[in-house]
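Biologist: I'd like to learn how to read a model like this one. Could you walk me through it?

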Amino acid sequence: MELPHYNRAMSVVGIPRALLYHRYGRFWQAYLAGLGFEVKVSSRTTKRTLEDGLGKVSSEVCLPIKIVAGHIEELKDSVDYLFLPRLVWMRDQLYACPKMIGIPDLARINVPKSCKVIAPMIKGDFVLPHLRAGMELTHNPIRVWNAWLKARHELKVRTELPDFPPDVRKVALVSHFYNLGDQYVAQDILDTLTEAGLRIYSKEDLPATVLAGDEGLAGSIRWVYERELYNAFRFYSDKVDGICAVVSFGCGPDSLVTELMRQEARSMKVPFTQLVIDEHTGKAGIVTRLEAFAELVRKHKTAG
Amino acid sequence: MKVSFPYFGTGTVAFKAFFEDFGAEVVLPPPPTRRTLEIGVRHSPEQICLPFKITLGNLIESLELGADTLFMAAGTRKCRFGYYHLVQERVLRELNPGCRLFGLSQYSAFDFVFRRLPSVFGTPQLRAARALRMLLARSSLIHDLDNMVRRLRPHDLSAAEALARDGLKLAGATQGGGDVARVRRELRSRMPSELRPPKARIGIVGEVYLMLEPFANAEIEKELGRLNAHVLVERSLYRHIRRLLNSDPAYLRTARYAARYIGESPGGEVINTVGEAIHFARQGVDGILHIFPFTCMPENMALEIVQKIGDDYQVPVMSLSFDEHTSKTGLVTRLEAFVDMVARRKTARRSKVA
């Protein structure tokens with residue numbers, strides 16, 4: 001028999017292993033543990049996770065949202081709190097995409113009464129909403145402050161550039177961190193490219209200063225992660241032998257920005273391919289397309 | 001300088017007169033057709049949503065007719081809609097390097113009317129104020145006209161269509177506040193005093209372009225009217241402009257309702273969609289239709305919430321997404337089934353009460 005939560009030794013806070021978890025997960029885990037909670041991160045994405053999520057959201061949303069819905073399904077009955085920060089905008093009024101903003105509302109209508117959704121609203125400042133959420137959970141400012149002090153080193157951003165060895169064939173994998181960070185989505189893609197002898201560079205290998213730039217078209221892109229994506233594309237475009245954009249079907253921002261990237265790649269004569277993924281994507285299709293792309297990258301190298 | 005802009009349902013007439021009040025020569029593209037859509041699709045990114053394709057097709061058609069100064073709604077924030085003009089401008093410049101496309105930012109409407117437009121047309125700001133006043137007056141007239149037409153359709157479809165046609169012609173030709181009031185009285189007098197009760201009352205919520213442009217929604221209102229349903233729509237160009245100018249009292253109610261389900265707007269018109277759905281449910285409509293473009297980001301997040309509202313308030317809800325492959329026949333079949341279902345449900349409930 002399960003005990004009511006006030007009888008348990010510790011309340012459990014659940015974090016879905018999806019979307020923003022792939023960037024802030026370590027910080028969240030450290031912070032919530034510091035607050036004195038048992039942190040439960042949902043297990044890695046499987047086919048089952050995805051199937052659970054499919055019924056909970058509209059059929060037209062993108063793959064990452066279906067996945068996060070699956071993770072919420074997994075957690076909702078076994079945790080007391082669900083930790084789902086709502087990113088609305090970051091510095092300079094750079095917005096998150098509508099779907100990311102809407103997730104806590106979807107979670108609220110899907111979870112049972114025993115599970116409370118904690119959704120600190122991030123508008124510009126990142127730290128303060130987290131402190132406020134800590135207060136909501138513990139009502140103890142000293143504990144919140146100590147937890148923050150202990151967890152904040154997990155927020156360190158990368159400052160050094162990756163190296164570009166001249167004798168290796170290099171390919172930039174342009175995609176969101178929550179696609180590449182999820183092994184269910186990205187493992188086949190990464191494996192195929194590695195097996196083809198290519199060195200992979202992603203957006204996460206770049207320092208924040210490069211990703212935040214606003215030169216050229218980046219200035220008119222006002223989605224925070226799309227701007228990062230576009231800056232990564234610009235940075236890599238003259239340093240690698242090929243660019244592969246991994247886009248999930250139904251991703252709205254990507255549908256516009258990838259089009260801009262495609263036009264620029266064509267004018268710069270860099271091999272560019274766009275891989276559209278959704279819940280029906282099979283391994284065979286990915287491998288075939290990426291092998292063809294790898295061949296193209298090799299040819300490009302010899303020609304150059 | 002020949003000014004043009006994409007069609008926006010019945011509000012097109014008010015916009016045309018608005019630009020003419022600035023002293024501009026307006027070249028309207030033909031109303032959107034299959035051809036418009038085909039042109040738009042040819043020049044659009046593969047996965048973009050439907051309004052992009054139709055408006056782009058419309059803009060290209062107006063270039064063909066000799067327009068060189070184009071206007072398009074914009075406002076880069078959360079929804080893709082705000083970015084349309086950036087991509088469209090690239091396409092249009094390739095086709096006609098001499099053309100200009102102005103993005104009308106929805107988040108700074110005052111700035112646009114009183115600074116950008118007077119500088120484009122070289123008119124004094126006083127004239128802008130007059131143009132804005134007339135835009136509101138005319139769009140408010142069209143708002144009333146649309147509601148009359150919606151009420152008349154289940155009673156007499158052909159009379160309703162005639163009223164819509166004549167009403168728009170009269171509304172476009174109005175020259176001042178008194179003129180608008182006269183036309184409004186004249187149109188009201190054409191409504192029969194006794195109206196047959198409709199088979200069902202159906203509220204429509206969703207994405208604003210899809211709701212207001214009949215070509216985009218495959219004339220869903222007319223089809224529902226043909227099925228003897230009274231269509232209720234809260235959204236209109238008038239309300240939209242009033243909201244952008246922060247002066248729509250009805251929006252306060254909408255936002256208050258929506259706050260029960262939504263902590264923060266995911267962009268687009270989700271606040272309106274959710275708030276109006278609750279409003280309709282409280283008004284006791286027989287069914288709610290939620291319409292949006294295929295893969296629309298904000299409305300797909302609203303979809304689950306609208307369904308939940310349907311559960312909470314015991315109202316049937318049907319969600320329909322539209323893209324260039326939507327067939328009218330398929331749509332009509334689904335509408336027929338929906339209207340029959342809600343009508344039967346209504347009579348069953350009534351007999352249960354009695």
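Modeller: Happily! Helices (H or I, at least four residues) and strands (E, at least two) are DSSP runs, numbered from the N terminus. Chain A has 12 helices and 11 strands. This is a predicted model, where local features need pLDDT of at least 70, side-chain atom pairs count only at pLDDT 80 or more, and totals for chains, interfaces and linings use all residues. Residues are numbered from 1 along each chain as its sequence is written, while chains are lettered from A and ligands numbered from 1 in the order in which they are written.

Biologist: How do I read the overall dimensions of chain A?

Modeller: Try a box along the principal axes: the C-alpha atoms of chain A fill roughly 70 × 35 × 30 Å.

Biologist: And which domains is chain A divided into?

Modeller: Domain bounds come from an automatic or database domain assignment. Here they give domain 1 (5-155) and domain 2 (170-303). Their centres, taken over C-alpha atoms, are 27 Å apart. For the contact between them, two residues count if their C-beta atoms, placed from the backbone, lie within 7 Å. Domain 1 of chain A and domain 2 of chain A give 21 residues each. On the domain 1 side, helix 3 of chain A gives the most, with 4 residues. By class, that side has 14 nonpolar, 3 polar and 4 charged residues; Ala, Val, Leu, Ile, Met, Phe, Trp, Tyr, Cys and Pro count as nonpolar, Asp, Glu, Lys and Arg as charged, and the others, Gly among them, as polar.

Biologist: How many residues does each chain bring to the contact between chains A and B?

Modeller: Chain A brings 25 residues and chain B 29. Helix 4 of chain A gives the most to the chain A side, with 8 residues. That side has 13 nonpolar, 6 polar and 6 charged residues.

Biologist: Which residues touch the most other members of the largest nonpolar core?

Modeller: First, the general idea: in soluble globular proteins, nonpolar side chains tend to be buried together. A residue is buried if 20 or more other C-beta atoms lie within 10 Å of its own, and a nonpolar core is a set of buried Ala, Val, Leu, Ile, Met, Phe, Trp, Tyr and Cys residues joined through C-beta atoms within 7 Å. Among the 195 residues of the largest core, the answer is Leu82(A), Ile243(A) and Val274(B). Helix 6 (residues 125-152) of chain B supplies the largest share of this core, 10 residues. Leaving out residues up to four places away in sequence, Ile243(A) touches several residues, including Phe233(A), Tyr236(A) and Phe272(A).

Terms used:
A residue is buried if 20 or more other C-beta atoms lie within 10 Å of its own, exposed if 12 or fewer, and partly exposed in between; C-beta atoms are placed from the backbone.
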